[in-house]
Structures are given as structure tokens and as C-alpha cells.
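Reader: Could we go through this model together? I should like to start with its basis and then take the features in turn.
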Amino acid sequence: MMRKNYYRKLALMVTLLTVLLAYQKYTSREKEPFPKVTFISDASIPANLSDFDPNILDKEQWQKLGFSEKQTATILKYKDIIGGKFTSKQQLKKCYAISNEKFSVLSSFILLPETAEKGDSKRFTPYGKKGIMISGKFNPDQFSVHDWLKMGFSEKQAEAIIKYKNYLGGSFVSKKKFKECFIISPENYSKLEPYLLLPAKTPENFRNFAKDNPVKSRIQYHIFDPNQLDLEGWKTLGFSEKQAITILNYRNRNLRGSFKSLDDLQKCFVISAEKFQEMKPYIKLQEKQQEKTDFSKTDLNTITFKQLIEFGLDERSAGSIIGFRKKLGGFMNKQQILSTYNIDQDLVQKLISIAPLNTSDVPRYSLVNAPEEWLKNHPYFKYSADKIIFYRISNPDDKKIWKLLKLKPEYEERMKLYVK
């Protein structure tokens with residue numbers, strides 16, 4: 001009987017051990033390996049690659065650089081995570097959507113320092129979507145409406161800040177006076193104050209236009225065109241030198257060189273309503289017949305910023321075209337113009353279909369004789385400049401240098417546009 005019980009207990013133990021072993025085997029199965037991150041293969045690098053600021057590129061412009069839609073979304077999300085701005089090439093390189101190979105190709109075209117300046121991450125302070133963003137110490141006297149917009153102020157706020165500066169005589173004078181601008185809230189002032197390049201206190205001898213009450217003198221008015229008056233001309237009408245300078249700045253900068261109507265003149269804040277009524281009978285605005293540009297005879301290598309604006313391009317597009325042309329030394333074909341970043345493609349297409357392109361004055365060199373400075377600064381050559389300079393020492397022959405460079409066909413093709 002005892003032996004029978006012994007075998008029963010033994011059988012029970014074996015059964016339990018079997019169940020435990022089976023359970024252990026089941027629960028200790030190796031977990032499936034984490035799927036490897038596979039980068040979407042880099043699209044081909046565009047042949048028209050030129051210098052660019054990654055902080056201003058939108059989704060479409062990143063894709064033009066050869067990134068897929070998913071990679072682009074990742075880059076933009078990464079930029080938001082780090083505070084809305086790349087501060088160095090090194091920081092951009094850390095974005096996993098940009099492979100090392102792709103980064104090495106783009107690196108020389110990226111308009112960012114190699115590494116962030118010491119304390120840079122602290123100086124760039126995002127304050128939320130509706131807050132202001134400060135990138136470092138600045139003199140508010142040198143800020144335009146565009147600069148205030150970039151900082152986070154609305155267009156109306158930016159214009160009011162500029163108007164207040166002009167009211168003070170063209171300078172904020174001190175931190176104290178800057179603080180008195182009603183547009184700058186106490187909260188925003190506390191954020192801006194450490195970065196302001198202004199003296200803390202207002203000089204004792206400061207007097208602004210609002211407080212200037214010179215004794216009226218008899219002014220001998222005569223018929224005048226406000227577009228023809230210089231500094232002395234405005235002073236003879238009874239304005240102080242500072243007021244005259246402000247009127248000239250208002251005319252030349254805000255109104256692009258001329259008063260178009262009496263209303264334009266009346267809006268100048270240093271001209272009081274009383275003064276304007278006093279001058280009004282003597283004001284004679286001569287209508288200026290502006291000659292229209294004949295774009296069918298305007299060379300694309302000499303076309304000016306103003307002419308591009310006249311054609312209908314905005315300042316951003318016009319500035320991009322003029323800037324890229326300057327770096328190249330001139331365009332060699334119309335496709336280069338069309339491939340410029342930040343332009344209105346439709347309008348530029350229309351322009352290049354009308355205007356001629358003269359390439360006779362565009363600098364061109366052989367690889368052997370090209371100046372080092374030219375090679376290192378030209379958008380198409382600077383990435384290969386050091387190699388060219390090195391190879392031509394022992395191989396003073398263009399054909400041999402091209403072979404040694406082993407460039408992609410599209411890179412070689414665009415470089416040869418500027419080679420004799």
C-alpha cells in the first residue's frame with residue numbers, strides 16, 4: 001500500500017514538473033526583434049543646388065532637395081521639437097531622417113555655423129506660438145517692420161513700434177524710452193530687456209519732436225514740390241534738422257522715393273495738421289511719368305531688383321534671383337533662373353520667355369587657371385574647390401582634372417557652364 005502511494009506521488013510530481021517546464025518554455029520565448037529602422041533611399045541630389053537656410057525651407061522646398069514626403073515631415077517635426085530653429089549644422093545632422101551621405105552632399109550649401117555658439121541654446125528662447133522669439137542681443141533702432149515680424153509681433157504692432165521710434169526722432173534713445181512704447185507689454189519687455197543694446201537711462205538733454213515748441217518765425221513760403229526738396233529745403237520751411245531728416249527718410253524709405261499725393265505728405269507724423277494747412281496752398285506735386293520697362297529688351301543678367309518688382313515679383317523672389325545671380329557671376333542659361341529657391345515659378349517662367357539672356361560678360365575660367373577665391377565661393381565649384389586646387393598642381397590639364405574629380409554627370413554638367 002505504501003509503495004502504491006509512493007508511485008502516485010511520484011507520478012504527480014512528474015506531471016507538475018512537465019507542466020512547469022512547458023509553461024516556462026512558452027513564456028520565455030524570445031521576443032520578436034525590433035524592426036530595423038530603414039531609411040527611405042535618398043532621392044537624387046538636385047543639380048541646381050545652391051546655398052540655403054534650412055530654417056526657412058517649407059515642405060515643398062525640402063522635397064526639392066531630394067527628400068521624400070515622410071522624411072520632410074520628420075525634419076519639420078524635429079525642427080519644432082528643438083525650438084523652431086536649427087542653430088548649427090551639427091544639430092541638423094542629428095535629425096535621423098538625413099543620412100550621413102545626404103548630409104555630406106548638402107553640408108557646404110547649408111547657411112549655418114558648423115557648431116552652435118557657446119550658450120546659443122540659451123539665447124534662443126521660444127515663448128510659444130503667440131510669444132516672441134529672441135535670437136540674441138540687438139539694437140532696436142536698426143530693426144525694420146520685417147525684423148519685428150520675425151520676432152513674433154503682428155504687422156500692426158511692428159508698424160506701431162516703428163512709428164513710435166520715428167516719433168522719438170528716429171531712435172529709441174534708451175531702454176526706458178523703449179519700455180514706454182505702449183505696444184511692448186511689461187511681460188515682453190522683461191524678456192527683451194537683457195538683449196537690448198541701448199543705454200539704461202535717457203540722457204538729460206533729450207528732447208523729442210512732440211516736446212519741441214520752437215518760437216514761430218515768419219516763413220516766406222513759395223511754390224514747391226516736396227519730391228524735389230533736400231535737407232536745407234525742408235529747413236527753410238521751418239522744420240528742425242531732425243524733422244527734415246525724418247521727412248526725407250519717410251519719403252525715401254517708406255514711400256520709395258516720392259510723395260504720390262497730398263495725403264502721403266499729410267500722414268508724415270512730424271508735419272502737424274496746422275503746419276500742413278499752412279503749407280498746402282504752396283504744394284505743387286508734379287506728376288512723374290514713369291517709363292515702363294521693355295522686358296523684351298532687358299537682359300536677365302543686368303535686370304535690376306526694381307525692374308523685377310515692376311514685372312510683378314515680390315521682394316523675396318526678386319531678392320533670391322539677384323542674390324543667386326551675384327553668387328554665380330551671372331546666369332549661363334534660363335533654367336538656372338527658374339531653379340532659384342523662393343521664387344514665383346509661374347511669373348519667372350513668364351519673364352524668361354520674354355526677356356533675353358546675354359552671357360558674354362559672365363566670368364569663365366579653365367580649371368587650371370581659375371582663381372582660388374572664385375573656386376571656393378562659386379556655388380557650383382566650392383564643394384570641389386580644394387580637390388581642383390590640389391589636382392592641378394601635378395596635373396595642369398583640364399581633362400585629367402575632370403577624370404580625377406569623378407563627379408556625378410549632373411554636377412559636372414553645371415560646372416562646365418562656367419568653364420572655358
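Author: Certainly. This is a predicted model, in which local features need pLDDT of at least 70, side-chain atom pairs count only at pLDDT 80 or more, and totals for chains, interfaces and linings use all residues. Residues are numbered from 1 along each chain as its sequence is written, and side-chain values use heavy atoms, with hydrogens and water left out.

Reader: How many disulfides are there?
Author: The search of the whole structure gives 0 disulfides, a disulfide being a pair of cysteine sulfur atoms within 2.5 Å.

Reader: And Cys 181, buried or exposed?
Author: Cys 181 is buried, at 2% relative accessible area. Buried means under 20%, exposed over 50% and partly exposed in between, with a 1.4 Å probe and protein chains only. Cys 95 is also buried, at 1%.

Reader: Turning to H12, which residues are buried there?
Author: They are Gln 243, Ala 244, Thr 246, Ile 247, Leu 248, Tyr 250 and Arg 251. Helices here are DSSP runs of H or I with at least four residues, numbered from the N terminus.

Reader: What do they pack against?
Author: The buried residues of H12 pack against helix H11 (231-235) and helix H13 (262-266), where contact means heavy atoms within 4.5 Å.

Reader: How does the span of H12 compare with expectation?
Author: Helix H12 (residues 241-254) has 14 residues and should span 20 Å at 1.5 Å a residue; its end C-alpha atoms are 19 Å apart, which agrees. The expected span is 1.5 Å times one less than the number of residues.

Reader: What comes just after H12?
Author: Arg 256, which takes a positive phi of about 55°.

Terms used
Helix = DSSP H or I, 4+ residues; strand = E, 2+ residues; numbered from the N terminus.
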